[in-house]
Amino acid sequence: MPEPTTFRPFVPASEDRKELSLRALLLGSIFGVIFGAVTVYVGLRAGLTVAASIPIAVLSISILRAFGRASILENNIVQTTGNAGQSIASGVIFTLPALIFLGFDLESSRIFALALFGGWLGVLFMIPLRRELIVEEHGVLTYPEGTACADVLQAGERGGSFASRVFLGLGLGGLYTLFQNESLLRLFPATPNWSPDFDPHGAQILKGAAIRADVTPEYLGVGYIIGARVAAVMLAGGVFSWLVLMPAIMFFGKHLAAPLYPGVVPIAQMSPGDLWATYVRPMGAGAVAASGLITLLRTMPTIVKALRSGFAKMGSAQGAQRRDGSRPLRTEDDLSMTVVVGGSLVLVLLMFLFLEFKPIPGAEVGWLANLSAALLVVVFGFLFVTVSSRIVGIMGSSANPVSGMTIATLMAVSAIFLVKGWTAPAFGALAITIGGAVCIASSNAGDTSQDLKTGFLIGATPWKQQVAVMVGVIVSVFSIGMTLNAMNRGLESFKELPTGMAISIDSLPEGVSNQGYFKRSRVMVQMPPQAGGSTGTREELSDANRYLVLNAIGSSTLEDGKYLYDPAAGKIEVQWIQGIGSEKAAAPQGRLMATVINGILSRRLPWSLVLLGVALVIGIELLGVRSLTFAVGAYLSIGTTLAIFCGGVVRWMVDRAAAKSGEASASQEQSEISSGSLFASGLIAAGGIMGLLGVCLNLYEAATGKMVPQFSAGNPLYKDWVSVISFAALAFSLYYFARRPLESEKIVEEVEREEP
């Protein structure tokens, strides 16, 4: 390992360039808001996220250049500030949607507080670790995303520009989504679908199966970035669920006259989407939970090693800094330990006050318990920040086992609650509050360490980067909370049950609670399919506030979720499907967290389905396949995994063509700064931004009762084959531009050759 003193950054410590400027913070904050919202949208739908630092750096170079000469350090502040939005959003969507699955509302104040506390904890705890991880172990911990981002910034300083590919992807993807999205113009179907039902001699072969694809640009871009191998494993999980398991459920259950738990209607009356939501989703949650635990156990040696190394070296690393009290070099100047300790104490106090004065309804505990909870956040937060920062240095942010560390936190907290006798659903929400803050802290610490590595390579001032991350956290939490609530409301649906379910409100079944009257007066309800299998119409329910809201969690009578109960008729008439958790925004990690908590506290789960998922994961592991990717694919709709796989196929074709032509090696194309990955990043951003625009239009229609003009379903282009051809054309554009190298890639190669 080279001595730290031999390393020479791009900007020497003796040189003082423009860095923490107002325009850099403003532009970075704008990017933080945008990419934070896009990460929420794509992450809830696809179940995974992609790094934002490189696209932000690319865009920053071009935008600031248009306003005059910008220094490399200023562009670094932009990407550092903006990347905070993506990292905070990742931690939020992995945990806080579990509140919905536990039957609670997503309160904006709770999202804001937890995102802010967790985000700042991640930054503060990373400050004393920076020197030991980033400086002392330079050459050992590579921090791949941070190093790649430094290459981009250096290329931009030497005159290179990559933004054309990002803007091309953004423009083409945005135009495509305008006509594809069902909430926008809807020129052709958003999800071409084929439900096979071969009926030789009444056998009804493959009835209950479905092959569909959500032909969105963001899925195409995600598939390209993660590559063909990972995308194929995800699709394998989808094939098992949608083409094996669901037809089997229909085959064996179609003769049952009564609903089969946890269903509320007979299996014969279920569509493929109903089968997925009722039976596949609990099994998928069990699979994701088991694979998450296996991943945690697999990384345990790395975690233990990271903790030992961190504690062993942190004291000596801090002691090496300027014992004589003189001012350190610009490139070694971190925020002081006074800020770290004082800030941590302030966050403990704020967390305590939040839990004390804004408790989970039904989980009110004493001040000592709230103080203990706040201290648990800090203890687990510090442990997993240390682990996260080291692991991403070895394997990159995509391999950071944030979900596994969060599971460990939730299991420990839930076990404490179980011993205390705190097993009501409200205490599950309290556990998510603690686990959510820890998850956000470890997620932000991983990305912050990548940003600090970028700064180390180019010669940035550490304390200025640390301030920039804190600013990015503050700004982005607003958009993240609003996006989360907007998606839950904008993607929700109401379905009238074919036959109402009679229930006595005075003696509700176990696991069912009365949450009071429905607060809205008007909603659109999806009516049951008509005779002959035609899709039911949507009709307005104008007196919806006469219904009571029933919430089911772990009930043996009702599937988990919310229902509208008519007190006059004495029966449940409408199923209220939340946007988050539906097929359009499945949120697999949030479902995983809720499953872990329910399994420990309430011990009321559809265990037969959950254990099927566990057994499936064990079988996949025995085949030598990493099960987490397969489990996520089994949980998600095949519409998601098939579209992502198409992007992976394009990546495979590009790599294969490049290897054959000798223009570039396959490993070079895998670089995060290739023309294909930048175009794919533009597609992801376009799909997210336009998708959120569609969500906003849904909210406008629900609030005003006015319908936004769009093409009718009877227009001649509203055919599945048009969707397939349009998506294929978009995929071809990705292939075409990925095969056209940027001139700036030559500059990046020069930068990489010059690195010590």
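A cavity is a set of grid points where a 1.4 Å probe fits but cannot get out. The views below are taken from a predicted model.

**View A. The second largest cavity, bordered by α1 and α21.** This cavity has a volume of about 140 Å³. Thirteen residues form its lining, and those nearest its centre are Phe35, Val38, Val50, Ala51 and Ile684. Two or more lining residues come from each of α1 (22–46) and α21 (675–704). Helix α1 provides the largest share, four residues. By class, the lining comprises ten nonpolar and three polar residues, with no charged residue.

**View B. The largest cavity, bordered by α10 and α16.** The structure holds eight cavities of 30 Å³ or more, and the largest has a volume of about 230 Å³. Its lining consists of 18 residues, with Pro282, Asp560, Arg591, Leu605 and Pro606 lying nearest the centre. The elements that give two or more residues to this lining are α10 (272–319) and α16 (588–601). Helix α10 gives the most, five residues. Eleven residues of the lining are nonpolar, three are polar and four are charged.

**View C. Helix α14 and the glycine that follows it.** Helix α14 spans residues 425–458, 34 residues in total. From its first C-alpha to its last, the helix reaches 50 Å, close to the 50 Å expected at 1.5 Å a residue. How many of the 34 residues of α14 are buried? The number is 33, so the helix is largely enclosed by the rest of the structure. Glycine 459 follows α14 and has a positive phi, near 90 degrees.

**View D. Strand β7, with its pairing to β4 and to β8.** Strand β7 comprises residues 548–552, and five of its five residues are buried. In a regular strand the side chains alternate between the two faces of the sheet. On one side of β7 lie Leu548, Leu550 and Ala552, and on the other Val549 and Asn551; all are buried, and both faces of the strand are thus covered. Strand β4 (residues 512–517) runs antiparallel to β7 and is joined to β7 by four bridges. In this pairing, valine 512 stands opposite alanine 552 of β7. Strand β8 (residues 561–566) also pairs with β7 in the antiparallel sense, over five bridges. Here valine 549 stands opposite leucine 564 of β8.

**View E. Methionine 524 in strand β5.** Strand β5 covers residues 523–526 and contains methionine 524. Is methionine 524 buried or partly exposed? Its relative accessible area is 31%, and methionine 524 therefore counts as partly exposed, given that the partly exposed class lies between 20% and 50%. When neighbours within four places in sequence are left aside, methionine 524 is in contact with Phe494, Arg538, Glu539 and Glu540. Phenylalanine 494 is 30 residues away from methionine 524 in sequence, yet the C-alpha atoms of the two residues are 6.8 Å apart in space.

**View F. Asparagine 181 and arginine 186 in the loop between α7 and β1.** The loop between α7 (163–180) and β1 (193–194) holds arginine 186, and asparagine 181 is placed in the loop between these two elements as well. Asparagine 181 has a relative accessibility of 11% and therefore counts as buried. Beyond its neighbours within four places in sequence, asparagine 181 is in contact with Tyr41, Arg186, Gly691 and Gly694. Arginine 186 is not a glycine, although its phi is positive, about 55 degrees. At 21% relative accessibility, arginine 186 counts as partly exposed, because the buried class requires a value under 20%.

**View G. Alanine 587 in the loop between β9 and α16.** Alanine 587 is placed in the loop that lies between β9 (571–577) and α16. What is the phi of alanine 587? The angle is near 50 degrees, a positive value in a residue other than glycine. The relative accessibility of alanine 587 is 1%, and alanine 587 therefore counts as buried.

Notes: Residues numbered from 1 in each chain as written. Predicted model: local features only at pLDDT ≥ 70, side-chain atom pairs only at ≥ 80, totals over all residues. Heavy atoms only, no water. 1 Å grid on protein atoms, 1.4 Å probe; cavity = no way out; pocket = protein on both sides within 12 Å on 5 of 7 lines; lining within 4 Å. Points joined across faces, edges and corners; volume = space filled by probe spheres on them. Nonpolar A, V, L, I, M, F, W, Y, C, P; charged D, E, K, R; others polar. Expected span 1.5 Å × (residues − 1). Buried < 20%, exposed > 50% of the residue type's maximum accessible area, 1.4 Å probe, protein only. Contact = heavy atoms within 4.5 Å. Pairing = 2+ DSSP bridges.
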